[in-house]
Amino acid sequence: ACTFTTFIGYEHTASPIGRHLHRNIIFRNHHVPAFAKSQLETHADGIPQGVWSAVETDCLNAGNGCDAVIIPHNSNLSGGEQWLDPIDAAEAQRRQDREPLAEIHQQKGNSECRFDRLATLGVQTEDELCTFEQLLVAHEGPGEPPPPIDQYPARNMVRNALKDGLRFEEIFGVNPFQLGFVGGTDTHNATAGNVEEAGWEGGQGNSDAGPARQISDELRTNPGGLAVVWAEENSRDAIFAGLRRRETYATSGTRPVVRFFGGALSEVTCAAADFIESAYKRGTPMGGEIGPVRGDASPRFAVFAAKDPGTDERPGTDLQRIQIVKGWVDAGGETREQVFEVAGNPHNGASVDPASCAPVGAGARELCAVWEDPDFDRTQRAFYYARVLENPTCRWSTLVCKSVGVDPFSPDCAAQATAAGAAFADCCLTEENDRFIEPIVQERAWTSPIWYRPESIAGVEGAVEFGPRPGTDVLELAIRLGRVPPEFDPEQADLTVSVTDDDEIYRVTIPAGAMQPTETPGRVELRDGMGPESLESAALEIGAGGEGRLSLLTRERDLSAANRGDHMVRVALQIGTYRSSHTRLWEAAGNRLAPVVD
C-alpha cells in the first residue's frame, strides 16, 4: 500500500572528547524496550559494546518479538574510533550481527573516502572524487586543529573500514565490517527528507536564521542524504528485512533509482525489458554475498541507474557516469582498492552556467552496464559497490551567496562580500576553502557492496513443497559451496542451516558428530537416530577441488511462514566461525516455492 510507514528508533550519542561515536537504533515493530538506554547507562560496558548489550538484553533476547538494527552514524567525526579493531572472532561476529549498515553521507559531511586536492594526497586512496563534502576536522575535540592529510584517521572513512574488514576476516575468519550503506540528514529541525540544494534553510535551528547565519555557521555542512531500501511492500516487516539484508543504497540528497546485482547473470542484459526481474532471479542484489558462481571466471555485476525525475519546477539532473569500486587484500596482506568506469562519460563536458547556475551540457536519463572484473582472482576475497554520479550543479551555499549579490564565480567576489557584510567572506574561494568545497558539486549515490568470498555459497537448488494439509510441507535444499574452509567440519562442530524471508521459514542445527563418514571419499551423511527430528536426511560432499555440496531433506512439517508469492529468500549456513548466506528471488508456482537456477 502507498502509505507512510514509520519506525520507532533513537540515537545513542556517545561523544568522548568530541568523537562522534553515535549510533541510530531502528526497531522492527511496536515491541520495543520500555526505556532507551543512553550513554549514561551503557558507558561502563564500553563503546560500542554497551549499546550492543542494551539492545541484546532489552530487545533481541527479551522474548517478546523485539528486533533492531544498529547503524553507526557520522563516522567522519569519530576520530577513527567508530570501527575499532575487534579483539577476537566472537567480537567480530557480534559486530557483524548487530551492525549490518553504516551511514555514508549526512549534513555533517561525507564518510566514503577522503582526498585533499591541495596536498594531492588521499587517506589510503588516490580517488580524487573523495573531496566530496568533507569537513576539515576529524572530530570535534576542544580547540584541536585539523589533522594533516597524512595523519587523518583512516577508519573515519567507510571504504577503509570495508577494506580492513577483509583483512580481519583473514585473521579471525569473520568480517566485522560487512557494512551496507544508508544516508541521512541528521537535521536538528525535524524536517527529515528536506535535502534539496535549492531553498535549503539549514539544519541547525538558530544557525539557519537568514543567509548571513547560514554562510557563517553552516558553510561546510550540506542538506544531507537519503536512505533507500528495496522492499517487497511498504510495510515495517518488509522494509526492516531489506535493512537487515543490506539491500539499501544511499544518496547525497537527490533521488535517482539505482539497482546493483552480482552473480552468474547468464541471461541479464541491459537491452532486455526484464532486466530487473532476470537479475533478481539469477543474481544477488546489493548487500549480499556470492561465491565462485562462474568457476575461475569473474562474477558478472549488473548495475542500472535512472536519474531523479524531479518536478516541473525543479527538474532532476542528468546522470554523468557509473563507477564500480573494488576493495581487496593483496598477497602481502595490504588493503587495496580500484575504481572502474563502467557506464556513461566522465568527460561529457557538463557544467553549470556561472551566471544563472543553469545546467550546461547533457548527460543520460538512464545508464546501465553488465561488467566483469578484469583482474578477478578466484582465491581472493573482495567487495564491489556502485557509485553513480550526476552532472555538476550549484552547491546550496552558492545559491545562498548569489541571493545576496555575492557571486563565488566572480573575480569581484571579495568586494561583493565586503559590501554584503563580513559574514559572506566565506562565499569566496580561498586556499583553505578550496581544499574540499567548490561552488559546484556532483550529487551521487552509493549502493551497498556485494562481497565475493571464495568459501561462500555459489548456488542454491531445491524448493518448499506445500502439502495439502497444515503440517505436511517439505523443504529440500542443495547448497553449492566454493572452497570449503577447514572449520567447515560437521564432525567437529554444530552445523546450522536457516531459511528466512521477513520471517523464519525453517532453521535446523545438526549436532557435531551426527554426520559421519561414508564409504564415498569426501562424503558424510546424517546417521539414523542421530540428527534433529525435523530432518529426513542430510549429506555433505567435498570434491577433489575443495568445492562442497550440502543437501538436506526435511520431514513433513509446517512451513507456512514462507510467503506464497515471488519474494526474496535468504539461505544461511553457520558452523564454528564460518558464516555464509545466499539471497535470491524465489518464485511461487502452484504448491511450490523455489529459486531459479542460473
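This report walks through the nonpolar cores, disulfides and salt bridges of a predicted model.

## The nonpolar cores

Let's start on the inside. The largest nonpolar core is made of 41 residues, and Phe 260, Phe 301, Ile 322, Val 342 and Tyr 384 have the most contacts inside it. Plenty of elements chip in: β11, α7, β14, β15, β16, β19, β20 and β24 each give at least two residues to this core. The largest share comes from β14, which supplies six residues.

Ile 322 is a good residue to click on. If you skip its neighbours within four places in sequence, Ile 322 is in contact with a whole list of residues, including Val 303, Phe 340, Val 342, Leu 367 and Val 388. Charged residues turn up on that list too, among them Glu 341 and Arg 387. There's also a second, separate core, with 36 residues, and Leu 495, Ile 510, Ala 514 and Ala 562 are among them.

## The disulfides

A disulfide is a covalent bond between the sulfur atoms of two cysteines. This model has six disulfides. Count the bonded cysteines along the chain and you get the pairing 1-2, 3-4, 5-7, 6-8, 9-11, 10-12.

Here are three to look up, beginning with the bond between Cys 59 and Cys 66, where the sulfurs sit 2.0 Å apart. Both Cys 59 and Cys 66 are buried. The torsion about their S-S bond is about -100°, so this disulfide is left-handed. Next, Cys 270 is joined to Cys 368, with an S to S distance of 2.1 Å. Cys 270 is in the loop between β11 and α7 while Cys 368 is in strand β19, so this pair ties together parts 98 residues apart in sequence. The torsion of the Cys 270 and Cys 368 bond is about -85°, so that one is left-handed as well. Cys 270 is partly exposed, at 35% relative accessible area, and Cys 368 is also partly exposed, at 25%.

The third bond links Cys 413 to Cys 428, with 2.0 Å from S to S. Cys 413 belongs to helix α9 and Cys 428 to the loop between α9 and β22, so the parts tied together are 15 residues apart in sequence. Both ends are tucked away: Cys 413 is buried at 4% relative accessible area, and Cys 428 counts as buried at 9%. With a torsion of about -90°, the Cys 413 and Cys 428 disulfide is left-handed.

## The salt bridges

Side chains of opposite charge can pair when their charged atoms come close. The count here is 49 salt bridges. One of them pairs Lys 37 with Asp 58, whose closest N and O atoms are 3.3 Å apart. Lys 37 is in the loop between β2 and α1, and Asp 58 is in helix α2, 21 residues apart. Lys 37 is partly exposed at 27% relative accessibility, and Asp 58 is partly exposed at 21%.

Another salt bridge brings together the side chains of Lys 307 and Asp 318, at 2.8 Å from N to O. Lys 307 and Asp 318 both lie in the loop between β14 and β15, 11 residues apart in sequence. Arg 507 and Glu 504 form a salt bridge too, with their closest N and O atoms 2.8 Å apart. Arg 507 is partly exposed at 43%, and Glu 504 is partly exposed at 43%. Finally, some charged residues link up in a network of salt bridges: Glu 112, Asp 127, Arg 159, Lys 163, Glu 337 and Arg 387.

Terms used
Residues numbered from 1 in each chain as written. Predicted model: local features only at pLDDT ≥ 70, side-chain atom pairs only at ≥ 80, totals over all residues. Heavy atoms only, no water. Core = buried A, V, L, I, M, F, W, Y, C linked by side-chain atoms within 4.5 Å. Buried < 20%, exposed > 50% of the residue type's maximum accessible area, 1.4 Å probe, protein only. Helix = DSSP H or I, 4+ residues; strand = E, 2+ residues; numbered from the N terminus. Contact = heavy atoms within 4.5 Å. Disulfide = S-S within 2.5 Å. Salt bridge = Lys/Arg side-chain N within 4 Å of Asp/Glu carboxyl O.
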